[in-house]
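Please open the model in your viewer and keep the selection panel at hand. The stops below follow one another from sheet to helix to ligand, with a note on what to select at each.

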Amino acid sequence: MNDLINVSNISISFTQYVKGLNQRELEVITDLTLDIKEGEIVAILGSSGSGKSLLAHAILGILPHNANLSGTMIYKGEVLTEELKEKLRGDEISLIPQSVNFLDPLMKVSNQVIMESKDEAEEKEKRAKQRAIFEKYGLSEEVDNMYPFQLSGGMARRVLVSTALLSNPKLVIADEPTPGLDEKSVEETLNHLRQMAADNVGVLLITHDIVAALKVANRIAIFYSGYVIEIANVDDFSGEGENLLHPYTKSLFKALPHNGFNLTKGHQPLHGEIPVGCPYYDRCNHKLENCDKIRPNLISIDENKMVRCFKYEG
Ligand SMILES: Nc1ncnc2c1ncn2[C@@H]1O[C@H](COP(=O)(O)OP(=O)(O)OP(=O)(O)O)[C@@H](O)[C@H]1O
Ligand code: NI
């Protein structure tokens, strides 16, 4: 499988003004590395407020103006500059947004899916395509003329998915597509993602729902305090978790059945104070000599797996 996007050493911070002219940096994402291949679903798993949406917005080039972004992104072998992001956004790279509030309440569904066209021929072509995709996702012809408030939650979700697919994207970023959905709608949404991957689209699934991630992803990136601490194959989350590498991922996996498969709290970005050493130091039960003094790098174990832990360095 070919690499679609390689995100290397991305950091995102905000400049905050405290007491007049004093500034300080709030680092939300630190040194994030991740790659997605064609036809692959990679889930990034992190708790609420951990910076997942910011990562999506960084790839799309829609970060807020006060955000500082560093690091590199390569898309199909080409450096993903802000200019290129703008060109690809809504085209080769599309977003399934976190909220159905992204739909304009005052516009008929089909019109907002299509947006502007440069001439009649293009509009006709777009309408035909929109109808075909809606059909595929079980949205009948009368839905075209509905307003968002007339849609059920599940229908609105399907409209967002269809919208993301209208441009034949190569990379789809799904930002928390499952929270608040009933089990059937969750399954339906996951099936949509599987279908995309089967069509060779790369999918970045952003979620705090580990159960959903395990059902659909090929690989899972675990986010902790703004750091990716491990990227594992979905199959590693089985048995006793013996193939998982990072102490945090192992304990997370072991704890799952006991806490109803919910992510435990306590891995928000560390507001203001970035630890010198390992971000997991305080909670780790495999501490080594230098863990509180030096931050481990995210190192590759093989083509698919990475870990940030001194146990595996050297
Ligand atoms: N414009 C901003 N200015 C300053 N800080 C911000 C800004 N936007 C986001 N943040 C900070 O970045 C953090 C991460 O935000 P983000 O929306 O990416 O989290 P998330 O992981 O997507 O959360 P959720 O699961 O709730 O969607 C927030 O907790 C907040 O501290
Ligand atoms: Ni979010």
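Begin by selecting the four strands that form an open sheet in the order β2-β1-β4-β5, in which the pairing is antiparallel; strands here are DSSP runs of E with at least two residues, helices are runs of H or I with at least four residues, and both are numbered from the N terminus, while two strands pair if DSSP finds at least two bridges between them. The edges of this sheet are held by β2 and β5 (78-79), each with a single partner strand, so one side of each is left without a neighbour in the sheet. This is a predicted model, in which local features need pLDDT of at least 70 and side-chain atom pairs count only at pLDDT 80 or more, whereas totals for chains, interfaces and linings use all residues. Residues are numbered from 1 along each chain as its sequence is written, and chains are lettered from A and ligands numbered from 1 in the order in which they are written.

Next, colour β1 (residues 3-18) and β2 (residues 22-37), which pair in the antiparallel sense over twelve bridges and form a hairpin with three residues between them. In the turn, Lys19 has a positive phi of about 45°. Two pairs are worth labelling: Tyr17 has Gln23 as its bridge partner in β2, and Asn6 has Asp35 as its partner in that strand. Asn6 also has a bridge partner in β4, namely Ile74, and eight bridges join β1 to β4 (residues 67-75), the two strands running antiparallel.

Add helix α1 (residues 52-60) to the view. Helix α1 packs on the sheet, touching β1, β2 and β4, and its direction makes about 75° with that of β2; contact means that C-beta atoms, placed from the backbone, lie within 7 Å, and axes are lines fitted to C-alpha atoms, for helices over the stretch in contact, with angles running from 0 to 180 degrees between N-to-C directions.

Which helix gives the most to the shell around ligand 1? Helix α1 does, with three residues. Of the 15 residues around ligand 1 (those whose C-beta atom, placed from the backbone, lies within 6 Å of it), Ser48, Gly49, Lys52, Ser53 and Leu54 come nearest. By class, the shell has four nonpolar, nine polar and two charged residues, where Ala, Val, Leu, Ile, Met, Phe, Trp, Tyr, Cys and Pro count as nonpolar, Asp, Glu, Lys and Arg as charged, and the others, Gly among them, as polar.

Move on to the open sheet of eight strands, ordered β6-β7-β8-β3-β9-β10-β12-β11, with mixed pairing. Here β6 (93-96) and β11 (299-300) stand at the edges, each with a single partner strand, so one side of each is left without a neighbour in the sheet. Two bridges join β11 to β12 (residues 306-307) in an antiparallel run, and Ser300 has Met306 as its bridge partner in β12.

Helix α6 lies across β3 (41-45), β7 (171-175) and β8 (202-207), running at about 155° to β8. Select α5 (residues 153-165) together with α6 (residues 183-198): these helices pack at an angle of about 10°, with their axes 11 Å apart, and are therefore roughly parallel to each other (angles under 35 degrees count as such, over 145 as roughly antiparallel, 65 to 115 as roughly perpendicular and the rest as oblique). The contact is made by Gly153, Gly154, Arg157 and Val161 of α5 and Ser185, Glu188, Thr189 and His192 of α6.

Finish at Asp104, in the loop between β6 and α3 (109-114). Asp104 counts as exposed because it has 12 C-beta neighbours inside 10 Å (exposed means 12 or fewer other C-beta atoms within 10 Å, buried 20 or more, and partly exposed in between, with C-beta atoms placed from the backbone).

Note on methods:
Two residues are in contact if their C-beta atoms, placed from the backbone, lie within 7 Å.
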